[in-house]
Amino acid sequence: MPIFRSEEMVLCQMFLQSEAAYACVSELGEIGIVQFKDLNPHVNAFQRKFVNEVRRCEEMERKLRYTEKEIRKEKLPIHDHGENPKAPAPKEMVDLEATFEKIESELREVNTNNEALKRNFQELSELKEVMTRTQYFFMAHGQDLHSIVDNAQPIGPDEAGIGQGQGGAVQLGFVAGVIPREKVPGFERLLWFACRGNVFMRHEEIPEPLEDPHSGDPVFKDVFIIFFQGEQLKSKVKKICEGFKASLYPCPETPNERDEMLKGVNTRLEDLKTVLHQTADHRHRVLVAAQKEIRNWIIKVEKIKAIYHTLNMFNFDVSQNSLIAECWCPSSALDAVRGGLRAGEKVSGSTIPGIIQTMHTKSKPPTYFETNRFTVGFQNIVHAYGIATYCEVNPALYTIITFPFLFAIMFGDAGHGTLMFLFGLYMVLWEKKLGAQRSTNEIWNTFFGGRYIIMLMGLFSIYTGMIYNDIFSKSCNIFGSAWRGYNYDNETLEDETLETLTLDPIYFHRNDSPYVFGIDPMWQPAKNKIAFLNSLKMKLAVIIGISQMMFGVVLSVFNHVYFRRFLNIFVEFIPELIFLGCLFGYLVALIFYKWIAWPDFTPIDGSRCAPALLIHYINMFMMSYTPVPANGTEKWETRDACSQWEFYDFQMAFFFAAIISVPILLCVKPFVLRSRHRRKEREAGMYGARSTDPLISNEVTDEDTGGVNSAEKSSSGPNGLADVQTTSADGSQLGQSLNADVEAMNGPILLSEEEPEEEFEFGEVFIHQAIHTIEFCLGCISHTASYLRLWALSLAHAQLSEVLWNMVFSLGLKMDLQYIGGIPVFILWFFWANLTVAILLLMEGLSAFLHTLRLHWVEFQSKFYEGDGHLFMPFNFKEILKIDSLEDLK
C-alpha cells in the first residue's frame, strides 16, 4: 500500500459488447477501482443512449422514497445488516417495477381509504360532541329559547339582548357546530359586529383533542351554539361560519330527537373504530413486508441507476455493436479490472471477449491513495488543504506522527491526555457497533471519524504531560527531586508558612544527575516556575519548529528527483537549505550549545556567561561584536570575561552564505529556463518546416511519441482480454501484443485528448520565482515565530488547569469539616470535572487542534507540497452502502 506517493495510474480504453456492457460495468462497480471518463461531455443528458433506463430508475426511486416515508411514519426501523446485493440483471427491472407499483398502489389506496374513514370518524366525533354539549345546555337552561336568551349575558358590552325592545313573540332559530379553538375570539367579535349584537352565542371547549385525518396531528376545537332571529341573520351566521372554516352540524330541536340521533352516532362510531383498526392492521402488514426488503431494494435501484449513468458516458460504435470507454485505474489493479470484465462476460453469456488497452496521455492523472481506517483520517487532513499533485510526496505519512505530537506539545497534561486517550480508545474498540448506528449528529460523526486521531493525540499528550510533569496541574515526585537547597535546611522547607521558594542556579545546586524523566517536581512550588517554563518551552518550540521546516525542505528534493527537475535541486533546494540552515538552523545549534557548554553554576564562568539568544542573534546581523584585546596589553586585564568574540568568524560565514543564496534562488532558474527555451527554438528551426498532422484520426506521430517519458507495460490476458505494450520513445519500437481475436485491430496506438502545452513567458516565470523567493525568505522568519504558538498554548493550558484546581477543587480540600466534609468536596469535584471537560478538553483541545492544522498546512507543507491535483473518484458501489435514506439523494 504506497503512502509515500500516490498510486501509479494508467489510462485504459475498453471495447465492450453491448450485451455484456451492463454486467461488466456492474462487476467493475463491485471492485470499485476504476474512474470512467465522460466521452460525451457536449451531449445533453436527455439525448444519451440510456436516458430512458435512468428515468425508469428515478421513477422506482420515487416509489421507494414514498414507501420509505410511510415506513418511517409508522415508526418502523429500517435495519442495516450490511447487505450488499448484486445489481440485478436488466430484465429484472420489470419485476422490480411491478413490485414497487403494486406496493405503492396498495399503500395509496389504503391511505386514501384510511384518510376518508378518519375524516368520517372526526365528523362523527364532532357531531357527538355537538349533540352532547347541546343536550347539556338545554337541560341546564330549559327548553324555552326565549327564556334562554333573556337570562343570558350579552356577547358585547352594549348589547341589549335578542328580543328586548321588541313587542310580541318572536321565532328564534339556532345553529351548532365546532371551530378551532384559536379562532374563537375573532369568530365571536365578527359575529357581534356583523350582526350588530342581534345574535346570542355560547361555546365550550372539547377536552380531548381530535386527530387531523390528513396529517395525524392533534387539533383542539370548541363546540358553539348560536341563537338568532330571522333568515337574514341565519344567512350571515352561516357565511361567517364558512369563512372561519367552522363545521356546522344538524341539531334537532326536541330532546327525544337529539337522544335518538346521539344513539345512532355512537353506533356508527363503534363500527368505524372496528373498520379503522382493521385498516391499520392491513397497512401495518404491508409496511412490515416492505420493511424487510426496503434496504435491499434501495441498493439494487441505486446500483442499476449508477450503471446506466456510467454507460451514458461511453461511446457507442454502431458498426461493431460495442461500447467504447476510457477510464483511469491504478496500474497495480489492471489484473483485477481484467478479472471483473471476464466475470461480467460470464454472467452476460457473451461469446465475444472485451478488449482493454492502455493509452499514452499527457493529461494529468488523478491522485489516489489507498487508505485504511487508521490512515484515512490523517489523509483527509492533508486533502482538506489540497489534493496532492500526482505522485508528489504525501505529507500524510509524516502527519501520522507529527500531528498528534505537535498537538500534545500545546495540550501537554497527562491527566487530560488520559481522558482523551480513553475516549478515543472507546470509539476504536467499539467502532463496528458505533458505526452501525448511523447517527445523524454531525458533532458525534466528526469525533467518530477522527477516532484514531483523538486516540493518538491523547496518547502523545500523556507523554508530553509526563515530560512537563503536569497531571491536572500537579506534579509527581516519582524519582525524588535532584535539587538541594544551598542555604535552606529541612525546617525551612517544611515550614507551612512557606508557600513558594525561588530556585536560583547560583544558590541551589543539583546532585550528580538530573531528574530521571521530565521536569523536576521541585519547580512546582517555585516562585520562578513560570519564568523557567517560559524559557524551556520557548526554546523547545523553536527547535521543533525549525526542525520540521528543515525536514519539509529536505522532502522537496524527493519531488525534484522523481519528476526529474534536477535544475530545481541546484537553484531551489540547495539555496533554501543554506538560507534556512545558516540563519535558523544555527539558532537551534546555539540553543543546544548553550545547554551543553555551560553545565556548572559558578558565579564567574557559569550560566551568566552563556549567550543571550536574542542579543546574540541581533549582534549576528548587526556585526557589533567588540574584538578581544591582545594578550599583554592594558585592555587585556580589564577585558570582559564573558566576551563571545569566538562566535564572530563562523557567524559571518553563515550570514553571508544565507545572503548569497537569495539571489541564486531568485535569478538563476528563470534565466536557465529561458536559455533552454531558446535552444529548443533554434533546434526546431534547423529541421525546416514539415507537417506533423496525423494522416488518420488519433494516429501517433513522432512528435507525440517523443513526449512519452515512461513505458506502460502489460501482457495480454486470457479470453481475448489484451492491452497494448509500449516502450519509451528513445529509439525503441512500439510493440503490440493482441491475441488472435483482435489481430485485425492492429494499428497505431491511440492517444487520448492532450492538454495544450503552456507557452513560455519569461516575465511570468521570473515573477513566479520572485514570489516564491520572497515567500520562502519571509516565511522562514514568520513561520519560526508562528511555531511559538507551541509555547504560548502550552503555557495557557497549564495556567488554566492550575486556576481551575486552585479556585474550585482545592477549596473543598481545605475545608475542615469532620463529618460532612465529603459533601462539599463532591460538589466542588463535580463542578471542577465538568469545567475541566468543557474548557480544557473541548475548548482548549479544539484550539490546539486548529493551531496544529495551521502549523501543518502553512508552516510544514508549504516547503514541499503543491497540492494542485484532483482526487481519484472511482465508480464504487460501496459508496451506496453509506446511504441511510433515499431522502439523502434528493
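In the predicted model, Lys37 is partly exposed because its relative accessibility is 24%, a value that falls between the cut-offs of 20% for buried and 50% for exposed residues. The side chain of Lys37 forms a salt bridge with that of Glu326, with an N to O distance of 3.8 Å. The two partners come from distant parts of the chain, 289 residues apart: Lys37 lies in the loop between E2 and helix H2 (51-73), and Glu326 belongs to strand E10. Glu326 has a relative accessibility of 11% and therefore counts as buried. This salt bridge thus pairs a partly exposed lysine with a buried glutamate.

The loop between E2 and H2 holds both partners of another salt bridge, Asp38 and Arg48, which are ten residues apart. The closest N and O atoms of Asp38 and Arg48 are 3.2 Å apart. Asp38 is partly exposed, as its relative accessible area is 32%, whereas Arg48, at 15%, is buried.

A further salt bridge connects Glu104 and Arg62, with an N to O distance of 2.9 Å. Glu104 is located in helix H3 (residues 92-141) and Arg62 in helix H2, so the contact ties together parts of the chain that are 42 residues apart in sequence. Glu104 is buried, with 6% relative accessibility, and Arg62 is partly exposed at 32%. The contact is part of a network in which salt bridges with shared partners join Glu59, Arg62, Glu104 and Arg108. In total, 29 salt bridges are counted in the model.

Strand E10 (residues 322-330), which contains Glu326, is mostly covered, and nine of its nine residues are buried. The cover extends to both faces of the strand. One side carries Ser322, Ile324, Glu326, Trp328 and Pro330, and the other carries Leu323, Ala325, Cys327 and Cys329.

E10 pairs with several strands. With strand E1 (residues 9-17), E10 forms nine bridges in the antiparallel sense. In E10, Cys327 is the residue opposite Cys12. Strand E2 (residues 35-36) also runs antiparallel to E10, and two bridges join them. Trp328 of E10 is the bridge partner of Gln35. Strand E9 (residues 315-317) is likewise antiparallel to E10, with three bridges between them. Here Asn315 has Ile324 of E10 as its bridge partner. E9 and E10 form a hairpin with four residues between the strands, and within this hairpin Asn321 adopts a positive phi near 50 degrees.

Strand E1 also pairs with strand E11, again in the antiparallel sense, over five bridges. Phe15 is positioned opposite Ile355 of E11. Strand E11 (residues 355-359) is largely enclosed by the rest of the structure, because five of its five residues are buried. As in E10, both faces of E11 are covered. Ile355, Gln357 and Met359 are buried on one side, and Ile356 and Thr358 are buried on the other. E1 is thus an antiparallel partner of E10 and of E11.

Positive phi values also occur in the loop between helix H14 (451-468) and strand E12 (483-485), which contains Asn469 and Phe472. Most residues other than glycine have a negative phi. Asn469 has a positive phi, near 55 degrees, and so does Phe472, also near 55 degrees. The two residues are described by separate burial classes: Asn469 is buried, given its relative accessible area of 7%, while Phe472 is partly exposed, given its value of 22%.

On the surface, a patch of positive charge is formed by Arg676, Arg678, Arg679, Lys680 and Arg682. Of these residues, Lys680 is located in helix H20 (residues 648-686). Lys680 counts as exposed because its relative accessibility is 58%, above the cut-off of 50%.

Methods. Residues numbered from 1 in each chain as written. Predicted model: local features only at pLDDT ≥ 70, side-chain atom pairs only at ≥ 80, totals over all residues. Heavy atoms only, no water. Buried < 20%, exposed > 50% of the residue type's maximum accessible area, 1.4 Å probe, protein only. Pairing = 2+ DSSP bridges. Patch = residues over 30% accessible without salt bridge, like charges linked within 9 Å, V, L, I, M, F, W, Y side chains within 5 Å. Areas by Shrake-Rupley, 256 points an atom, 1.4 Å probe, with all protein chains shown as cover. Salt bridge = Lys/Arg side-chain N within 4 Å of Asp/Glu carboxyl O. Lys, Arg positive; Asp, Glu negative; His and termini not counted. Charge placed at Lys NZ, Arg CZ, Asp CG, Glu CD.
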